[in-house]
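User: Could you take me through the charged pairs in this protein, slowly? I'd like to look closely at how they link up.

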Amino acid sequence: MIVALLKLADSLRSAVSRIALMTFADMFLSLKRVMEPFLNMIVKILMKRSGDTNNFIAEEADKCFSAMVQNC
């Protein structure tokens with residue numbers, strides 16, 4: 001499931017990417033430390049998306065980073 005979400009988060013379709021990032025944030029909030037084995041893969045996408053020119057994608061990536069830091 002994580003691999004599928006990573007592909008969706010890297011999608012060129014902004015709505016698809018945003019929903020995938022929101023899903024990751026929810027997963028960090030609910031699953032907490034269970035997500036730690038996947039952090040390397042997720043951080044790469046979050047870093048890419050946090051520098052996106054589309055502001056709402058960058059904001060979602062920042063929110064996801066915040067959820068990751070608080071829960072992992």
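Analyst: Sure! Keep in mind that this is a predicted model. Searching the whole structure turns up five salt bridges. The general idea is simple: side chains with opposite charges can pair up when their charged atoms come close.

Start with Arg 18 and Glu 60, which form a salt bridge whose closest N and O atoms sit 3.7 Å apart. Arg 18 belongs to helix 2 and Glu 60 to helix 4, so this pair ties together parts that are 42 residues apart in sequence. The two partners sit in different classes of exposure: Arg 18 counts as partly exposed because its relative accessibility is 32%, while Glu 60, at 8%, counts as buried, the cut-off for buried being under 20%.

Glu 60 also has a salt bridge with Lys 63, again with 3.7 Å from N to O. These two are three residues apart in helix 4, so about one helical turn separates them. Through their shared partners, the salt bridges join Arg 18, Glu 60 and Lys 63 into one network.

Another of the salt bridges brings together the side chains of Arg 33 and Glu 36, at 3.1 Å from N to O. Here Arg 33 counts as exposed, with 59% relative accessibility, and Glu 36 counts as partly exposed at 28%.

One more thing to look at while you have helix 4 (55-71) on screen: the buried residues of helix 3 pack against it, and against helix 1 (2-9) and helix 2 (14-31) too. Those buried residues are Leu 39, Ile 42, Ile 45, Leu 46 and Arg 49. They fall within an arc of 135 degrees seen down the axis of helix 3, so they line one face of the helix.

Methods
Residues are numbered from 1 along each chain as its sequence is written. This is a predicted model: local features need pLDDT of at least 70, side-chain atom pairs count only at pLDDT 80 or more; totals for chains, interfaces and linings use all residues. Side-chain values use heavy atoms; hydrogens and water are left out. Buried means under 20% relative accessible area, exposed over 50%, partly exposed in between (1.4 Å probe, protein chains only). Helices (H or I, at least four residues) and strands (E, at least two) are DSSP runs, numbered from the N terminus. The arc is that of the directions from the helix axis to the C-beta atoms. Contact means heavy atoms within 4.5 Å. A salt bridge is a side-chain nitrogen of Lys or Arg within 4 Å of a carboxyl oxygen of Asp or Glu.
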